[in-house]
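Hi,

Here is the structure I said I'd send over. Have a look at it first, and then read on for what turned up in it.

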Amino acid sequence: LPKDKTILLFFGMIKKVKGLEILLESLKEVVTKNPNVVLLIAGIPWENDFSMYQQIIDDNNLSKNVLLHIKFIADEDVEHYYCASDLVVLPYKKIYQSGVLMMTLSYERPALVSDLPPLKEVIKDNENGFLFKSENTSDLSIKLNQILSDRENMERVRLNGNALINTKFGWDEIGRLTKKAYQTI
């Protein structure tokens with residue numbers, strides 16, 4: 001992976017509900033203002049193939065700004081993807097919960113996520129992560145450009161996200177809540 005580039009990460013199974021096409025469509029506006037940006041797509045398609053996404057990449061001349069690792073990512077390699085990224089983007093269209101979001105925060109990476117209710121339960125915009133209007137490519141590209149233009153703020157948000165995962169979602173807190181639930185039985 002290039003060390004001299006800003007790496008956006010889309011990680012996990014590539015499902016239609018995860019909105020990769022929204023991220024790819026917004027990327028053309030982002031690279032105009034931030035040509036040093038590379039989107040790393042790491043995961044395997046699930047119940048679809050990658051051709052529709054490749055078409056967006058080709059139609060918008062994004063191949064030099066997109067790194068494709070379209071494969072199963074072994075557990076021992078996961079940390080390398082997160083640690084190499086500057087920002088993890090979850091452009092989900094529908095979600096009930098997100099392991100990718102929790103992993104992002106635990107690997108101390110900032111996250112930009114759709115403003116869906118399950119994600120807003122975890123992320124407070126510009127506090128411990130970033131939100132954009134779900135399925136809105138224009139809002140996503142505006143948010144990406146804002147985030148990338150203020151590295152100091154991105155670092156502050158990253159630290160707050162990590163603090164959140166280590167307190168509210170840490171094992172001590174989960175254990176306390178589990179014990180409390182059992183005590184009510």
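One thing up front: this is a predicted model. I'll start with the rings, since there are four aromatic pairs in the structure.

One of them is Phe11 with Tyr81, a tilted pair with 6.0 Å centre to centre and 55 degrees between the planes. Phe11 sits in strand E1 (residues 6–11) and Tyr81 in helix H3 (residues 75–84), so this pair ties together parts that lie 70 residues apart in sequence. Are these two rings buried or exposed? Phe11 has a relative accessibility of 9%, and because anything under 20% counts as buried, Phe11 is buried. Tyr81 comes out at 8% and is buried as well.

Another pair is Phe50 with Tyr53: the ring centres are 5.4 Å apart and the planes meet at 45 degrees, so this one is also tilted. Phe50 and Tyr53 are both buried.

If you want to colour the rings in your viewer, try Phe11, Tyr81, Tyr82 and Tyr107 together, as ring pairs link these four into a cluster.

Now for the helices. Helix H1 (residues 20–33) packs against helix H6 (residues 137–149), with the axes 8 Å apart and an angle of about 45 degrees between them. That angle is why H1 counts as oblique to H6. As for handedness, the crossing of H1 past H6 is right-handed.

Which residues make that contact? On the H1 side they are Ile22, Leu23, Glu25, Ser26, Glu29, Val30 and Lys33. On the H6 side they are Thr137, Leu140, Ser141, Leu144, Asn145 and Leu148. Sorted by class, the contact of H1 with H6 comprises six nonpolar, four polar and three charged residues.

Ser26 is worth a click while you're there. This serine belongs to helix H1, and its relative accessibility is 2%, so Ser26 counts as buried. What does Ser26 touch, leaving out residues up to four places away in sequence? The answer is Thr137, Leu140, Ser141 and Leu144, and each of those four appears among the H6 residues in the helix contact.

So there are two places to open in your viewer: the ring cluster of Phe11, Tyr81, Tyr82 and Tyr107, and the oblique packing of H1 on H6.

Cheers

Definitions and conventions
Residues numbered from 1 in each chain as written. Predicted model: local features only at pLDDT ≥ 70, side-chain atom pairs only at ≥ 80, totals over all residues. Heavy atoms only, no water. Axes fitted to C-alpha atoms, helices over the stretch in contact; angles between N-to-C directions. Parallel < 35°, antiparallel > 145°, perpendicular 65-115°, else oblique. Left-handed = near helix turned anticlockwise from the far one by under 90°. Contact = heavy atoms within 4.5 Å. Nonpolar A, V, L, I, M, F, W, Y, C, P; charged D, E, K, R; others polar. Phe/Tyr/Trp six-rings, centres within 6.5 Å; stacked < 30°, edge-to-face > 60°. Buried < 20%, exposed > 50% of the residue type's maximum accessible area, 1.4 Å probe, protein only.
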